[in-house]
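Grab your viewer and work through these exercises with the model open. Try each task before you read its solution.

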Amino acid sequence: MAGPCLNNLLVLLCIAMAIALVANASDPDILTDFVVPAGTNSSLLNGTFFTYGGLVTGNPADPAKFSVSKATVAEFPALLGQSVSYASLFFGPGTVNPPHIHPRASELLFVVKGPLQVGLMDETALKVYEQTLQTGDMFVFPKGMVHFQFNGGAEPARALSAFGGASPGTIPLPAELFESGIDDAVLEKSLHTDHDTVEALKHDLAPSPAAPMPAMPPMEPPPAKNGAATACRSAALALVLCFGAALLL
């Protein structure tokens, strides 16, 4: 019984260490004003290379959901080496951008249409800094710190984010954390937040109701789950979260 559990813990610890190594990466220093992609004839460049028109400000397919549109080096190659990127965020009523980190850049968020609730988790001070931002407000999320945004209003909210890196990266906290059945009080203390925030995150991350299944013939009940294995998985999840946070400091 201890063997599989130990293997799971080792795998999770390796993932946490990999995240920490990624967090130490940054934009490369360049010796020219800008970088031309390999295989491109620089003499043929024009203003199109420095132009990006793919940033959108909503989700036409489902305007009630949260959506994000990015302009990083992956979408806009001219940003390579420029230490800057951008994102447009759209929040349908009651939607959340779940807790996550940007390991390679700080984020400066500007609220185009508020209000918008934001939260920043400081593991060293065991504290969460929360603020309800209004239209025109700005909020900074330092590099590598867990943060989230939540639209608790009845109207859509919009924001723009500028990053101090061409490839800021995004590492989300596992959604399974809020679906694991861990008691709210444990989540509140682990994330240093309050009950209402935990419930809001749980509600937004809950899967959509599945369509009803046709009637099936009765089946024998499955064997009871192993309580020790379940506890082991929960312990492994908690350990990697704590370990990852500690390595990212």
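**Exercise 1. A nonpolar patch**

Which residues make up the nonpolar surface patch of about 410 Å²?

Solution. A word on the source: this is a predicted model, so to speak of local features a pLDDT of at least 70 is needed, side-chain atom pairs count only at pLDDT 80 or more, and totals for chains, interfaces and linings use all residues. Residues are numbered from 1 along each chain as its sequence is written, and side-chain values use heavy atoms, with hydrogens and water left out.

Step 1: set the rule. Patches take residues with over 30% relative accessible area and no salt bridge, joining like charges within 9 Å and nonpolar side chains (Val, Leu, Ile, Met, Phe, Trp, Tyr) within 5 Å. A salt bridge here is a side-chain nitrogen of Lys or Arg within 4 Å of a carboxyl oxygen of Asp or Glu. Areas are Shrake-Rupley values with a 1.4 Å probe, and for residues only the protein chains shown count as cover.

Step 2: read off the members. They are Leu108, Phe110, Val112, Met138 and Val140.

Step 3: map them onto strands (DSSP E runs of at least two residues; helices are H or I runs of at least four, and both are numbered from the N terminus). β4 (107-113) and β7 (138-141) each give at least two residues to the patch, and β4 has the largest share with 3 residues.

Step 4: zoom in on Phe110, which sits in β4. Phe110 counts as partly exposed because its relative accessibility is 33%; the classes are buried under 20%, exposed over 50% and partly exposed in between, with a 1.4 Å probe and protein chains only.

**Exercise 2. The sheet behind the patch strands**

In what order do the 5 strands of the open sheet come?

Solution. Step 1: the order is β1-β2-β9-β4-β7, with antiparallel pairing. Two strands pair if DSSP finds at least two bridges between them.

Step 2: find the edges. β1 and β7 each have a single partner strand, so one side of each lacks a neighbour in the sheet. On average, neighbouring strands here are turned by 20° against each other, direction ignored, with axes fitted as lines to C-alpha atoms (for helices over the stretch in contact) and angles running from 0 to 180 degrees between N-to-C directions.

Step 3: count bridges. β2 and β9 share 7 bridges, β4 and β9 share 6, and β4 and β7 share 4.

Step 4: match up facing residues. Tyr86 stands opposite Ala162 in β9, Phe110 stands opposite Leu160 in β9, and Leu108 stands opposite Val140 in β7.

Step 5: split β9 (residues 157-163) by face. In a regular strand, side chains alternate between the two faces of the sheet. For β9 the covered face holds Ala157, Ala159, Ser161 and Phe163, while Arg158, Leu160 and Ala162 are on the uncovered one.

**Exercise 3. The loop between β1 and β2**

Is threonine 72 buried or exposed?

Solution. Step 1: place Thr72. It lies in the loop between β1 (67-71) and β2 (85-91).

Step 2: check the accessibility. Thr72 counts as buried because its value is 11%.

Step 3: list the contacts (heavy atoms within 4.5 Å). Not counting residues up to four places away in sequence, Thr72 touches Leu79, Ser85, Ala166 and Pro168.

Step 4: compare with Glu75, found in this loop between β1 and β2. Glu75 has 32% relative accessibility and therefore counts as partly exposed. Leaving aside neighbours within four places in sequence, Glu75 is in contact with Tyr52 and Lys70. From Glu75 to Ser85 you have 10 residues in sequence and 10.0 Å in space, C-alpha to C-alpha.

**Exercise 4. Backbone oddities**

Where is the cis peptide bond with omega of about 0°?

Solution. Step 1: go to Gly114 and Pro115, which this cis bond joins. Pro115 is in the loop between β4 and β5 (116-122).

Step 2: look for positive phi outside glycine. Ser83 has phi near 60°, and its place is the loop between β1 and β2. Leu126 has a phi of about 50° and lies in the loop between β5 and β6 (127-133).

Step 3: add accessibility. Ser83 is partly exposed at 39%, whereas Leu126 is exposed at 58%.
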